[in-house]
Amino acid sequence: MSDNNEYLRDCRPRFRQPAAGDLCTQVPSMTTDETNEKVLDVFSRHRDLTSLPVLEGSRPIGLINRDIFLSQMSKPYRMEIYGRKSCIAFMDKEPLVVDAAMDIETLTLKAISYGEKALSDGFIITRGEKFAGVGGGLQLMRAVADMQEARNRQIMHSIEYASVIQQATLRSSREALARACPDADLVWEPRDVVGGDFYQFSTGSQGWFATVADCTGHGVPGAFMTLIASTSLNQAIERHGAHDPALLLGSVNRSIKQMLGQIDKQGDSLSSDDGMDAACFWFEPERGRLLFAGARLALFVLRPGADEVELIEGQRKGVGYVDTEIDFIWHNQELVLPPGSLVFVTTDGLIDQVGSPRAIAFGKRRVRELLLAQRGSSSAQVNGAVLDALRLWQGEHHRRDDLTLFCFRT
């Protein structure tokens, strides 16, 4: 069995859904023919007893709350009046009674519907309608907390395995990039364990293809979208080849809209409005020819000897979203780049990150200034300088989104 399969097996649930019977505590009980004097004696001998159940035969019919009982019996002449009377005088005749097999979730809902008394007085537990014991509100809250903690652990195991899967799907792209462009550098930092950014690289006979994409959301929802988008892109490359980035964006757009049902034919409102922003390009190293198609992501280019960084904007339509027509056409922009040109792509995790004492976005202008200052650096040094600047800018502010940086030299 592979390591990944072993990990998946380890992620199977290890906790049992607890039931009311797990909270059952044996306590003294009263019968209907026993007096309030006897109740007082039991409470005096069992000072940790919150409530005292009352039985008719083996069937529970009520619950006597300690505080209420002692408060009533401490009033003038109450002992003389009620001391020798049946204990049902101060009994709650409608306590919460549950079967020992009832699961904790159902018990919790019932306790909430009964109000505070089910948590303060506790509840009666039966087996086959016969009295078994009592359960306390504090016990119930602890059981719910323990169950939630166990579930959270299980969810985190699952998310960690999802991260293993996501990184495995991206590994082949990293290997393709290393073969095609050894000087390139890639930074991929999900905000959470898994993320909504993805990248894809593939090689051809005359060049190589690259995509950096930002899918809707982050965390687990974003990771699901990356799976849908990357699968659609792979299928598009298999059908059309990798030489026409604009054509590929159009193909992925149709695929996502069809897969998520984001084609509104009757004017009905749609529950899903998901998609991706992407920068796609085909690069031919020998000719220095780069074809770029962007969906709300831009390309930063610094040519040797240039005084400023060019910003090649993508089109203002995202891929797959409801407001993007199914037949929308993206266009390629052709660039001829001399040797030594610097090309940089980033998702919105950099551009939109809030920072500084004024809590404003990092922005594209700062990216251009950084790239200009790093014009003689390697791709890895450029990305390192961008990361350092971002973390300094972010300071104590919360990380807003996933982050992907891609840099290479021609």
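This passage describes an antiparallel sheet, the helices lying across it, and the surroundings of one asparagine in a predicted model. Local features are restricted to pLDDT of at least 70 and side-chain atom pairs to pLDDT 80 or more, whereas totals for chains, interfaces and linings use all residues. Residues are numbered from 1 along each chain as its sequence is written, and side-chain values use heavy atoms, with hydrogens and water left out.

An open sheet is formed by five strands in the order E8-E9-E10-E11-E14, with antiparallel pairing. Its edge strands, E8 (197-203) and E14 (333-336), each pair on one side only. From one strand to the next, the twist averages 15 degrees. Strands E9 (residues 208-215) and E10 (residues 276-284) are joined by eight bridges, and Val 212 has Ala 279 in E10 as its bridge partner. Strands are DSSP runs of E (at least two residues), helices runs of H or I (at least four), both numbered from the N terminus; pairing requires at least two DSSP bridges between two strands.

Helix H8 (residues 219-240) lies across E8, E9 and E10 and runs at about 20 degrees to E8. Helix H9 (residues 245-259) lies across E9, E10 and E11 (289-295), at about 150 degrees to E10. Angles run from 0 to 180 degrees between N-to-C directions of axes fitted to C-alpha atoms, for helices over the stretch in contact.

Asn 65 is found in strand E3 (residues 59-65). Asn 65 is buried (under 20% relative accessible area, 1.4 Å probe, protein chains only), because its relative accessible area is 10%. Its side chain reaches the backbone nitrogen of Asp 67 at 3.0 Å. Beyond its neighbours within four places in sequence, Asn 65 is in contact (heavy atoms within 4.5 Å) with Phe 43, Thr 50, Ser 51 and Asp 121.

Notes. Buried < 20%, exposed > 50% of the residue type's maximum accessible area, 1.4 Å probe, protein only. Polar contact = N/O pair within 3.5 Å; in protein donor to acceptor, adjacent residues only side chain to side chain.
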